[in-house]
Amino acid sequence: MATSITWLIIGASRGIGLEFVRQHVSLGHRVIATARSSSSALDAIRQNAPDLVKVLTCDVSSSESINAFIEQFVQSCATKIDYAVINAGILEYPNRSLEMSFDLFAKHLHTNTVGPIIIAQKLLQLQDISIGTVAFMSSDSGSTGNFLSFEDGFAAYAASKAALNQVLRHMAEELKRKKSKTIILALHPGEVATDMSKIDISWEIDGGQITAGESVNGMAQVIRSKTIEHTGTFWTWENKEYPW
(Lines give C-alpha, C1' and ligand atoms only; values in the text may rest on other atoms or scores of the structure.)
Protein backbone atom coordinates (compact mmCIF):
# COMPACT_ATOMS: atom_id res chain seq x y z
CA MET A 1 0.00 0.00 0.00
CA ALA A 2 1.40 3.41 -1.01
CA THR A 3 2.35 5.78 1.79
CA SER A 4 0.11 8.86 1.85
CA ILE A 5 1.77 12.23 1.35
CA THR A 6 0.46 15.36 3.06
CA TRP A 7 1.12 18.93 1.93
CA LEU A 8 0.37 22.13 3.84
CA ILE A 9 -0.05 25.11 1.52
CA ILE A 10 -0.19 28.51 3.21
CA GLY A 11 -1.74 31.05 0.84
CA ALA A 12 -3.70 28.84 -1.56
CA SER A 13 -6.60 30.98 -2.76
CA ARG A 14 -5.10 31.72 -6.19
CA GLY A 15 -1.98 31.66 -8.35
CA ILE A 16 0.95 29.54 -7.25
CA GLY A 17 -0.65 28.35 -4.01
CA LEU A 18 -3.83 27.24 -5.74
CA GLU A 19 -1.77 25.40 -8.35
CA PHE A 20 0.14 23.54 -5.61
CA VAL A 21 -3.22 22.32 -4.30
CA ARG A 22 -4.54 21.42 -7.75
CA GLN A 23 -1.46 19.44 -8.81
CA HIS A 24 -1.07 17.44 -5.63
CA VAL A 25 -4.73 16.59 -5.23
CA SER A 26 -4.58 15.24 -8.80
CA LEU A 27 -1.79 12.94 -7.61
CA GLY A 28 -3.92 11.67 -4.73
CA HIS A 29 -1.97 13.53 -2.05
CA ARG A 30 -3.66 14.99 1.03
CA VAL A 31 -3.61 18.78 1.18
CA ILE A 32 -4.30 21.21 4.01
CA ALA A 33 -4.71 24.61 2.38
CA THR A 34 -5.18 28.06 3.84
CA ALA A 35 -6.77 31.21 2.51
CA ARG A 36 -7.34 34.62 4.03
CA SER A 37 -10.97 34.59 2.89
CA SER A 38 -13.30 32.47 0.79
CA SER A 39 -11.94 31.33 -2.57
CA SER A 40 -14.35 29.87 -5.11
CA ALA A 41 -11.52 28.11 -6.99
CA LEU A 42 -10.16 26.51 -3.81
CA ASP A 43 -13.64 25.59 -2.62
CA ALA A 44 -14.31 23.85 -5.95
CA ILE A 45 -11.22 21.67 -5.54
CA ARG A 46 -12.27 20.81 -1.98
CA GLN A 47 -15.80 19.94 -3.06
CA ASN A 48 -14.49 17.65 -5.79
CA ALA A 49 -12.06 15.88 -3.43
CA PRO A 50 -13.45 16.24 0.12
CA ASP A 51 -11.42 13.29 1.41
CA LEU A 52 -8.14 14.86 0.27
CA VAL A 53 -8.56 18.60 0.88
CA LYS A 54 -9.09 20.54 4.10
CA VAL A 55 -9.32 24.34 3.94
CA LEU A 56 -8.43 26.51 6.94
CA THR A 57 -8.43 30.28 7.41
CA CYS A 58 -5.22 32.25 7.85
CA ASP A 59 -4.22 35.86 7.24
CA VAL A 60 -0.42 35.91 7.53
CA SER A 61 -0.39 39.65 8.24
CA SER A 62 -2.37 39.16 11.48
CA SER A 63 -0.96 37.67 14.67
CA GLU A 64 -4.48 36.85 15.87
CA SER A 65 -5.30 35.05 12.62
CA ILE A 66 -2.07 33.06 12.75
CA ASN A 67 -2.84 31.94 16.31
CA ALA A 68 -6.38 30.98 15.30
CA PHE A 69 -5.03 29.01 12.36
CA ILE A 70 -2.62 27.08 14.61
CA GLU A 71 -5.57 26.15 16.84
CA GLN A 72 -7.56 24.98 13.79
CA PHE A 73 -4.56 23.02 12.56
CA VAL A 74 -4.14 21.24 15.90
CA GLN A 75 -7.87 20.44 15.99
CA SER A 76 -7.59 18.91 12.50
CA CYS A 77 -5.67 16.05 14.17
CA ALA A 78 -2.91 16.05 11.57
CA THR A 79 0.17 14.24 12.85
CA LYS A 80 2.45 14.49 9.82
CA ILE A 81 3.19 17.16 7.24
CA ASP A 82 5.59 15.93 4.60
CA TYR A 83 5.92 19.25 2.82
CA ALA A 84 4.83 22.70 3.98
CA VAL A 85 4.87 25.49 1.39
CA ILE A 86 4.55 28.97 2.82
CA ASN A 87 3.42 30.85 -0.22
CA ALA A 88 1.40 33.82 1.06
CA GLY A 89 2.75 37.20 0.04
CA ILE A 90 2.01 40.56 -1.55
CA LEU A 91 3.48 42.92 -4.12
CA GLU A 92 1.94 46.39 -4.22
CA TYR A 93 3.63 48.15 -7.10
CA PRO A 94 5.40 50.53 -7.19
CA ASN A 95 7.21 50.58 -3.84
CA ARG A 96 10.20 52.83 -4.43
CA SER A 97 12.46 53.66 -1.51
CA LEU A 98 12.19 57.40 -2.22
CA GLU A 99 8.41 57.35 -2.41
CA MET A 100 6.88 54.54 -0.33
CA SER A 101 5.00 55.26 2.86
CA PHE A 102 5.73 53.83 6.29
CA ASP A 103 2.56 51.75 6.07
CA LEU A 104 3.31 50.35 2.61
CA PHE A 105 6.83 49.28 3.65
CA ALA A 106 5.51 47.77 6.88
CA LYS A 107 2.76 45.92 4.99
CA HIS A 108 5.31 44.19 2.75
CA LEU A 109 7.44 43.22 5.75
CA HIS A 110 4.48 41.95 7.78
CA THR A 111 3.05 39.88 4.94
CA ASN A 112 6.19 38.65 3.20
CA THR A 113 8.58 38.23 6.14
CA VAL A 114 7.10 38.34 9.63
CA GLY A 115 3.93 36.33 9.01
CA PRO A 116 5.56 33.46 7.09
CA ILE A 117 8.35 33.10 9.65
CA ILE A 118 5.98 33.16 12.64
CA ILE A 119 3.71 30.56 11.03
CA ALA A 120 6.70 28.26 10.50
CA GLN A 121 7.91 28.92 14.04
CA LYS A 122 4.57 28.01 15.57
CA LEU A 123 4.20 24.88 13.44
CA LEU A 124 7.70 23.73 14.39
CA GLN A 125 6.92 24.29 18.08
CA LEU A 126 4.05 21.77 17.98
CA GLN A 127 5.17 18.70 19.87
CA ASP A 128 3.03 16.06 18.16
CA ILE A 129 3.45 17.09 14.53
CA SER A 130 6.19 15.70 12.28
CA ILE A 131 7.25 18.16 9.55
CA GLY A 132 9.56 16.99 6.79
CA THR A 133 10.26 20.14 4.75
CA VAL A 134 9.29 23.79 5.06
CA ALA A 135 9.67 25.66 1.76
CA PHE A 136 9.35 29.44 1.81
CA MET A 137 8.33 31.30 -1.34
CA SER A 138 11.15 33.77 -1.86
CA SER A 139 12.15 35.63 -5.03
CA ASP A 140 15.19 36.51 -7.08
CA SER A 141 14.34 40.10 -6.08
CA GLY A 142 15.47 39.21 -2.55
CA SER A 143 18.96 38.14 -3.56
CA THR A 144 21.69 40.54 -2.42
CA GLY A 145 24.39 38.55 -4.22
CA ASN A 146 22.60 39.00 -7.55
CA PHE A 147 21.10 42.46 -7.15
CA LEU A 148 18.57 43.25 -9.90
CA SER A 149 19.31 46.95 -10.40
CA PHE A 150 16.83 47.23 -13.28
CA GLU A 151 13.84 46.45 -11.04
CA ASP A 152 12.44 49.93 -10.56
CA GLY A 153 9.75 50.12 -7.87
CA PHE A 154 10.57 46.89 -6.02
CA ALA A 155 12.39 48.28 -2.95
CA ALA A 156 9.95 47.19 -0.22
CA TYR A 157 9.21 43.86 -1.90
CA ALA A 158 12.89 43.05 -2.41
CA ALA A 159 13.74 44.07 1.16
CA SER A 160 10.97 41.86 2.54
CA LYS A 161 12.22 38.84 0.59
CA ALA A 162 15.86 39.50 1.54
CA ALA A 163 14.79 39.64 5.19
CA LEU A 164 12.81 36.41 4.77
CA ASN A 165 15.90 34.75 3.31
CA GLN A 166 18.11 35.74 6.23
CA VAL A 167 15.66 34.63 8.91
CA LEU A 168 14.97 31.26 7.29
CA ARG A 169 18.73 30.65 7.14
CA HIS A 170 18.90 31.24 10.89
CA MET A 171 15.90 28.96 11.33
CA ALA A 172 17.69 26.18 9.46
CA GLU A 173 20.80 26.54 11.63
CA GLU A 174 18.80 26.66 14.87
CA LEU A 175 17.01 23.44 13.89
CA LYS A 176 20.34 21.78 13.06
CA ARG A 177 21.61 22.65 16.55
CA LYS A 178 18.54 20.91 17.95
CA LYS A 179 19.32 17.81 15.81
CA SER A 180 16.03 18.31 13.96
CA LYS A 181 15.61 16.58 10.60
CA THR A 182 13.21 19.22 9.23
CA ILE A 183 14.54 20.73 6.00
CA ILE A 184 14.23 24.50 5.43
CA LEU A 185 14.34 25.82 1.85
CA ALA A 186 13.92 29.11 -0.01
CA LEU A 187 12.43 28.98 -3.51
CA HIS A 188 12.43 31.36 -6.46
CA PRO A 189 9.35 30.42 -8.51
CA GLY A 190 10.42 32.13 -11.73
CA GLU A 191 8.62 34.94 -13.48
CA VAL A 192 5.13 33.50 -13.15
CA ALA A 193 2.04 34.84 -14.91
CA THR A 194 -0.33 35.36 -11.95
CA ASP A 195 -2.63 38.15 -10.76
CA MET A 196 0.22 39.52 -8.62
CA SER A 197 2.45 39.89 -11.69
CA LYS A 198 -0.05 41.99 -13.63
CA ILE A 199 1.87 45.24 -13.28
CA ASP A 200 3.13 47.76 -15.83
CA ILE A 201 6.92 47.51 -15.84
CA SER A 202 9.40 49.28 -18.12
CA TRP A 203 11.79 46.36 -18.75
CA GLU A 204 11.60 43.10 -20.64
CA ILE A 205 11.43 39.89 -18.60
CA ASP A 206 14.37 37.70 -19.54
CA GLY A 207 12.91 34.55 -21.10
CA GLY A 208 9.34 35.77 -20.65
CA GLN A 209 6.81 34.55 -18.12
CA ILE A 210 5.98 30.95 -17.30
CA THR A 211 2.65 29.51 -16.18
CA ALA A 212 1.83 28.67 -12.58
CA GLY A 213 1.63 25.04 -13.67
CA GLU A 214 5.20 25.05 -15.00
CA SER A 215 6.50 26.81 -11.91
CA VAL A 216 4.77 24.53 -9.40
CA ASN A 217 5.72 21.37 -11.26
CA GLY A 218 9.36 22.44 -11.11
CA MET A 219 9.29 23.61 -7.50
CA ALA A 220 7.56 20.44 -6.30
CA GLN A 221 10.35 18.39 -7.84
CA VAL A 222 12.93 20.61 -6.14
CA ILE A 223 11.21 20.32 -2.76
CA ARG A 224 10.95 16.55 -2.93
CA SER A 225 14.55 16.10 -4.06
CA LYS A 226 16.22 17.89 -1.14
CA THR A 227 17.60 16.18 1.95
CA ILE A 228 18.75 17.47 5.33
CA GLU A 229 22.14 18.22 3.76
CA HIS A 230 20.39 20.92 1.71
CA THR A 231 18.68 22.68 4.61
CA GLY A 232 19.11 26.45 4.58
CA THR A 233 19.62 26.70 0.81
CA PHE A 234 17.99 28.74 -1.98
CA TRP A 235 16.76 27.15 -5.23
CA THR A 236 15.03 28.20 -8.43
CA TRP A 237 12.09 26.36 -9.94
CA GLU A 238 14.59 24.90 -12.43
CA ASN A 239 16.55 23.27 -9.57
CA LYS A 240 19.47 25.71 -9.79
CA GLU A 241 20.97 26.96 -6.54
CA TYR A 242 20.53 30.72 -6.29
CA PRO A 243 22.85 33.24 -4.57
CA TRP A 244 21.67 34.75 -1.31
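This dialogue explains how to read several features of the structure shown above.

User: What kind of model is this, and how are its residues numbered?

Analyst: This is a predicted model, in which local features need pLDDT of at least 70, side-chain atom pairs count only at pLDDT 80 or more, and totals for chains, interfaces and linings use all residues. Residues are numbered from 1 along each chain as its sequence is written, and side-chain values use heavy atoms, with hydrogens and water left out.

User: In what order do the strands of the sheet stand?

Analyst: Strands of a sheet pair through backbone hydrogen bonds, either parallel or antiparallel. Helices (H or I, at least four residues) and strands (E, at least two) are DSSP runs, numbered from the N terminus, and two strands pair if DSSP finds at least two bridges between them. Here seven strands form an open sheet with parallel pairing, in the order E3-E2-E1-E4-E5-E6-E7. Strand E3 (53–57) and strand E7 (233–236) are the edge strands, each pairing on one side only. On average, and with direction ignored, neighbouring strands of this sheet are turned by 20 degrees against each other.

User: How many bridges join E5 to E6, and which residue stands opposite Val-134?

Analyst: Five bridges join strand E5 (residues 130–137) to strand E6 (residues 183–188) in the parallel sense. Ile-184 in E6 stands opposite Val-134. Elsewhere, E1 and E2 run parallel and are joined by four bridges, with Leu-8 opposite Ile-32 in E2.

User: Is E2 mostly covered or mostly uncovered?

Analyst: A residue is buried under 20% relative accessible area, exposed over 50%, and partly exposed in between (1.4 Å probe, protein chains only). E2 is mostly covered, as five of its six residues are buried. Thr-34 belongs to strand E2, and it counts as buried because its relative accessibility is 1%. Contact means heavy atoms within 4.5 Å. Leaving aside residues up to four places away in sequence, Thr-34 touches Ile-9, Ile-10, Gly-11, Ala-12, Ser-13, Leu-56, Cys-58 and Phe-69.

User: Which strands does helix H4 lie across?

Analyst: Axes are lines fitted to C-alpha atoms, for helices over the stretch in contact, and angles run from 0 to 180 degrees between N-to-C directions. Helix H4 (residues 102–125) lies across strand E1 (6–10), strand E4 (80–86) and E5, and runs at about 175 degrees to E5. Helix H2 (residues 40–48) lies across strand E2 (30–35) and E3, at about 145 degrees to E3.

User: At what angle do H4 and H5 pack?

Analyst: Angles under 35 degrees count as roughly parallel, over 145 as roughly antiparallel, 65 to 115 as roughly perpendicular and the rest as oblique. H4 and helix H5 (residues 155–177) pack at about 20 degrees, their axes 8 Å apart. The two helices, H4 and H5, are therefore roughly parallel to each other. Among the residues that make this contact are Phe-105, Leu-109 and Ile-117 of H4 and Tyr-157, Leu-164 and Met-171 of H5. For residue classes, Ala, Val, Leu, Ile, Met, Phe, Trp, Tyr, Cys and Pro count as nonpolar, Asp, Glu, Lys and Arg as charged, and the others, Gly among them, as polar. The contact of H4 with H5 has 15 nonpolar, five polar and one charged residues.

User: How far apart are the axes of H1 and H2, and at what angle does H1 pack with H6?

Analyst: The axes of helix H1 (residues 15–26) and H2 are 10 Å apart, at an angle of about 15 degrees, so H1 and H2 are roughly parallel to each other. In this contact, Leu-18, Val-21, Arg-22 and Val-25 in H1 meet Ala-41, Leu-42 and Ile-45 in H2. These residues divide into six nonpolar, no polar and one charged. H1 and helix H6 (residues 212–225) pack at about 65 degrees, with axes 9 Å apart. That makes H1 roughly perpendicular to H6.

User: Which peptide bond is cis, and where is Lys-179 found?

Analyst: Most residues other than glycine have a negative phi, and most peptide bonds are trans. The bond from Tyr-93 to Pro-94 is cis, with omega near 0 degrees, and Pro-94 lies in the loop between E4 and H4. Lys-179 is found in the loop between H5 and E6 and has a positive phi, near 65 degrees. Lys-179 is exposed, because its relative accessible area is 69%. Asn-239, in the segment after E7, also has a positive phi, about 65 degrees, although it is not a glycine. With a relative accessible area of 37%, Asn-239 is partly exposed.
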